[in-house]
Structures are given as C-alpha cells and as structure tokens.
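Here are a few short exercises to try with the structure open beside you. Take each task by itself first, then follow the solution step by step.

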Amino acid sequence: MRSIGIAAVGALILAVGALVAYPAGAARQAKTISFCSDTTYPPMESLVGGKPTGADIDIANAVAKQIGASAQIKVTGFDVIIPALLKKKCDAIISSMTITAARSKQVHFTPYITVGAFLMVKKGNPSHISTLASLSGKSVAVESATTEAAALAAENAALSKQGKAKITVKIFPADTSAAAAILAGKVDAYFADAPPVAYYITTTHGKFQTAGKQIESAPEGIATRKGDPLGSQIGKAVTTLYKNGSLPKILAKWNLSAFALKK
Amino acid sequence: MSDVVMSAEDVRKSFGKLEVLKGVTLDVHKGETVCIIGASGSGKTTFIRCINHLEKIDGGRITVNGHLIGYRQRNGRLVEDSEKNIARQRTEIGMVFQRFNLFPHMTVLENVVEAPIRVLGLPHDQAVFRAEELLERVGLSDKRYTYPGKLSGGQQQRVAIARALAMRPALMLFDEPTSALDPEVTGEVLSVMEELAHEGTTMIVVTHEMGFARKAADRIVMMDDGGIIEEGTPEHFFTAPEQERTKQFLSKIL
Amino acid sequence: MLVAIDWHVIWLRLFHPDGTFARALWATVYISVVAQTLGVLLGLFAALARMSRIWPLRALSGVYVLVFRGTPLLVQIFYLYFAFSWPTLHIGFTVSDAAVAAIVALSINEGAYMREIIRAGIDSIDKGQMEAARSLGMRYALAIRRIVLPQAARVIVPPLGNEFNNMMKTTSLAYTIGVYELFADAEQGYSRTFIADYFIAVAFWYLVLTTVWTFVQAMIERRLAASERGDVIGFRERLVAAWNPVTAWARGAR
C-alpha cells in the first residue's frame, strides 16, 4: 500500500515538473527576444503610461518580427546596461547606444542609425554657448555613462591643461533628471543626442534652443553578446528592414528620418 | 494674621471621578513645624503637592506669603496663572521628595547651586558659598564633588534638603522624606530636619515618623478620606486623641 | 572566482585614491554629518512640539512625521531639488546646489525619525526629575535644557548612532540628483572601464566610515556614562569647575 502511495506522489511530481518545464520550453520555442533599454530618453525610448514607447521600441519590435520572434523590453539604467546584457539579463540592448571602441571591446554592435549630439540652452543663449570649450566655467547636465559625459570629461581635461576654468558637469543616472535640471534652470546647458534635444525643444514650446553645431555624429547600434548568433540575425534583419522601407518608415513616424544609417 | 506663611482654604481636588481632597483648610504660621499624618489614600501627599502647584486644585484657594498659588484674580474670577508666575512662586517654597530626585548627571555641589544660579541669578561664587554652608549643615561637605549615584539614600536626601534650602524658601515641604530610606539612615535625615525645626524653619512634613512628630512638631494634623479630621499639639495627639479614626490609626502605627 | 576580481583596481581605489575620489569621500562625510545634525535639531523641536500643551504645535509635529516617514526619501530628495531653487555654497570647498538640496531633504527626513527617538529618550527620564526642577522654581524650558535633556542624551545616543550609520549609506541616494559622492565615484569608474570591482572598493570605504563612527559612538557613550558611574572628579577638574561656570555646565550637560 505504501509503495503505491510513493509511486503516486512520484508521478504527481513528474507531472507538475513536466507542466512547469513545458511552458518554459514552449516559450523558448515561440522565441522572445528581450531588449534592455533605458527608457528615460524620449522620443527614442521612454515610458508613456508606464509602457515603453519610442522609436527604439518600434525598431526592436520590427527586428524581432523579422527574425520570427516577439520583442520584450526590459527597463534598465543606462549606466548598468552593458553588464545587464553580459550577465544575460537580456538578449540585446537597444538604447540609443553610440558605438565606441571601448564598448565594442565588451559587446557586438549592429549599427542601425547615425546620430549626433547637441547642446541645449535657454532661448536666446544667454550664456553664449557654442562649442564644448565654451562651456568653460559654466554648468551642464548630462546622463551617466554616455558618450556625451565622456566628451565633457575629455574637454575638462583639455581645459585644465590650458589653465582654463573647468566645466561643472552634473551627472545624473537618468537622462530625464538631466533634462529636468535644465528645465528647472539649474544648469546652463543640457548635452544629449539630437533626438531628445529636439523633443525637449518642441515640447517646451520655444523656451529652449540648440547652441552651436552638431557634435560627434556617430552610428548607434543594437548590442548583443559576442559570439551570440543573435547578433548576425539582428544584422540581417536591420539590412532587410532598411531595404524594404520598414525602418525608414519608423524613423519618419518619429521625425527621425535625418538619422537613417549612413553608409 | 500677618505671620501666616501658608493658608489653605477649602481646598478641593479630584482625579477624574475620584475626589481626593474634600475641602481642606489649614493655616501654617512662620516658624511652625506642622506634621501631617494619616493613612495612605487620605490625601496628605496630594494636599502638600497642591501647595506648590505640582497638582492643580479644583476648588478653594492656597496662598503662600500672601500670594495666591497657581491662580490669579482677573475681573473677580480666578484664572490659571502664567508659567512664569508659578515658577516664581515656587522659589519661595522648597520641596523634599520621597525619592530625593537629585540630578544624577551633576555633582552634589552642582545640584545645590544649580537653581540659585539659574533661577535666582546668583553669581557663581556666592551660590557656591551658600551651598558649602548648607552642605556643612547637613554634614556632607566632604561629598561635594561626588555624584549622587555614589551616595547612600540618607546622604542623597540630606543633599536634597540642602538643595531646597539653597533657595532660602519661606516654606519647606517634606513629602514622606524617610519612607524610601533604610531604617539605619532615617535617623541622619530626621536629625537634620529636627535641627531645621528648632532653628525656626517653617515646615510642613507629611510623615509616618511619630518620633519625629513628637519631638519636632508644633502641631500635628490628621487627615483621613480627603479631609482634616483632627488637629492639635503632639501631647494632645499622643495622650488624648479625640476622633475614633485617629485612635485607630495611632494604635496601628505606634 | 577570485581571479575574476580585478585586484589592481581594488588596490588602487583603496590605497591610492585620487583627487576626485577624495572629493567624493568628503562629500559623503559632510553631507552625512550636516544632515544628521540638522535632523537631530529638527527632531528635538518636533519632539518638544509633540509634548507641548499648545495643540496646533502637537498637530504640526504629527503631520510632519506622518508625511516624511510615510513617503519615500528618494521622492523627497527629487521633489525638493527640482521644485525649488538651491544656492551653490563656497565655504572653502564647493557645495553644489544639489548637495544643498540633498542635505535639506535628508535632514527633514531624518528629523521625522529622530523625533520619536528623542521623545522616547525624554520620556524615559523619571518624572521626578522634572518635578524636582520645577519645584526649585525652574521653568519648563530651563528644566528640559539643564535637567532632562542631558540625561535623555544617554538614552538617545545608541539609536542616534544607528541613525547616523544609516545616514552615511543613505547619502548615496543623492547620486540621483547629480551629487558627486562615494557611490557616484564608483559609478563613474565603472562606466568608464566596466570593471565592477569599483563597487567592491567603495563598499570597503563605506565600511571604513561606519567603523570609524562605531568607535566614536562608543567613546561618547563611555563619556556620558561617567557621571552615572558616580566617579569622583579629579583635582584639576575641580579647579576648573570652581572657577569656570561654563565648564561646569558643559560637564553637567555631557
């Protein structure tokens, strides 16, 4: 009698285990690609009504569909986004990430747009800002771990060599906080990619303007782990999406046609 | 009479629904030592605490040195007095507590000079001089730099007496000053109090110590159930008490 | 696993920190110290308000604690920084406007927690102390200041020490509004080089800070306990006490 009981419990455990394992496996079959994204960067990626929204989100969805999978967005802080990918918290990164030599050492990039950066200042440019060097003695808000932050650090190194006053760089973990800083008048300038700069200028209706020319135009890429076949799959998908016009359509939808990947 | 130091007229006090003082009337004259005796719950401690307004009275009046305690006449009505005035009235009334209540973070000397300096504004040297005199009187000069924690109960209470006397009050109140002491040390405190009595200090003492009452009191007052039931000289009390309750009480404790 | 740790980075960060790191460490220290100090003062006022007879003060104190204990500190920091204008201070070193805002937010938040700690400390002091003080003619404020608070301090120091320990670590929240403190420094190092060991190094530095504080707290507690132990004070201290009222007060207040 007891042996029947044991057998019954054993069968139950196996059944439950199979039930638990199957959906997970089944999900793997149905293929979801998770994308890490720092959703503090409108219009590329932001949270609207709690949902990730933006050009990068649409691109991620299109790329995943092209590969025959669905996309899942994982909201991640930009300064920890690469370690998140490397620790397999997600399969790819799509977060307005500029392709740099340092980052390329860590991850594989699939370029998909070309974007430059701009300084944003109050309308009328009262502090007469034009280039990064002109920020000497002034304050600027920027997001942590971005190429803009690195550019400002480099500029400060150059300025101290020249004996000039340093730039007061206020570094924020979220870009929305950096934007909030300039919107609240706490800094003289805000330094970020062209898309969010344009976004803030538009939505604040003439309170702000760009200062100087575009800085550092460079390709931005979808990041994947080195050696992960997903990388080449995404590469093929991006090429196809450009060829069949889907990607340009997404860019047009968000007024970002100017940033299509330059060959 | 102008030499009345404390005058209580029909004092009433209730704690919530419980009426603890039901109309107490008592006069104490300059230089008198009055002992209040009675069973616990008779209201004697409450009454003495009303004298310096540690308890607020609900009816009647108390005056000390002619000043109304705790209340002020305003437009013919009695209104509660300001904290400032009450504090000032209290400088004329010294109180010695059953549990001494010395300030543990200050030395004996500091305990005694604290109020004269901070409240009376006495210069430091003068306060120290006065304190040292008093500590001499209570026999604790050699303990002036000791903290209360290192003193016996009897020593602490003597310091407490010196501390109260340092304010040169017109009236000294003692709330069962020896009840919390070991029997061996009650003697040293009582002898200090006897000396004070003989020197002409005006004192009201709530106590169970009949020996002290017999030796030092000018008058003994017996309280029971919120009122004074008998009053008289020590001889009267100990030889011919009138009230039944008084006889019962005395037979129990003597 | 050990080989995965970049010892080079940790070694550098621990033993050869650079100028920016020193700045970051200093920021964490001064923000913690100032915020905790202001928090204690705020908590003291809130505690006294809570115990006041004036009901609007009691209500205000209640609302203050309710709001600032009931909402996330991060929200408070963000709101204060972005909703109001804050000055940048130059007092020998630069205190950025975000650091000022962070200090204010941390202080107000801390005050809400300190109120209960201080109130509990004051409540723990025997009521007889206040009664003795007032019967000597001291007003409430004087009695609190000279008699109750110095004794309450002993009870308050251990939980206060705990709060300060937390405060040093909580200052890392200031990073979200752009203050360059310890955590921000590790962040920057990490985002430049992708070596996570920067965080191990900064964890070590937090440990250093909290350990130093543990020693300081133990020292303070020992000093405060001296009078409770009833130690007789030495000759030199006696001299100073006799001739310098200020020193005597300071000793009493410890």
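**Exercise 1.** In this predicted model, decide whether Arg115(C) is buried or exposed.

*Solution.* Start with the relative accessible area of Arg115(C), which is 7%. Buried means under 20%, so Arg115(C) is buried.

**Exercise 2.** Find which residue forms a salt bridge with Arg115(C), and then follow the network that Arg115(C) belongs to.

*Solution.* Step one: Arg115(C) pairs with Glu116(C), and their closest N and O atoms are 2.7 Å apart. Glu116(C) has 22% relative accessibility and counts as partly exposed.

Step two: Glu116(C) also forms a salt bridge with Arg119(C), with closest N and O atoms 3.0 Å apart. Arg119(C) is buried, at 18% relative accessible area.

Step three: look at where this second pair sits. Both residues lie in helix α5 (residues 97-123) of chain C, 3 residues apart, or about one turn of the helix. An α-helix has 3.6 residues a turn, so residues three or four places apart point the same way.

Step four: put the network together. Its linked members are Arg115(C), Glu116(C), Arg119(C) and Asp123(C).

**Exercise 3.** Work out which parts of chain B are tied together by the salt bridge between Lys22(B) and Asp225(B).

*Solution.* First, check the contact: the N to O distance is 3.3 Å. Next, place each partner: Lys22(B) is in strand β2 (residues 18-29), while Asp225(B) is in the loop between β11 (219-224) and β12 (227-232), so the pair ties together parts 203 residues apart in sequence. Finally, Lys22(B) counts as partly exposed, at 35% relative accessibility.

Methods. Residues are numbered from 1 along each chain as its sequence is written. Chains are lettered from A and ligands numbered from 1 in the order in which they are written. This is a predicted model: local features need pLDDT of at least 70, side-chain atom pairs count only at pLDDT 80 or more; totals for chains, interfaces and linings use all residues. Side-chain values use heavy atoms; hydrogens and water are left out. A salt bridge is a side-chain nitrogen of Lys or Arg within 4 Å of a carboxyl oxygen of Asp or Glu. Helices (H or I, at least four residues) and strands (E, at least two) are DSSP runs, numbered from the N terminus. Buried means under 20% relative accessible area, exposed over 50%, partly exposed in between (1.4 Å probe, protein chains only).
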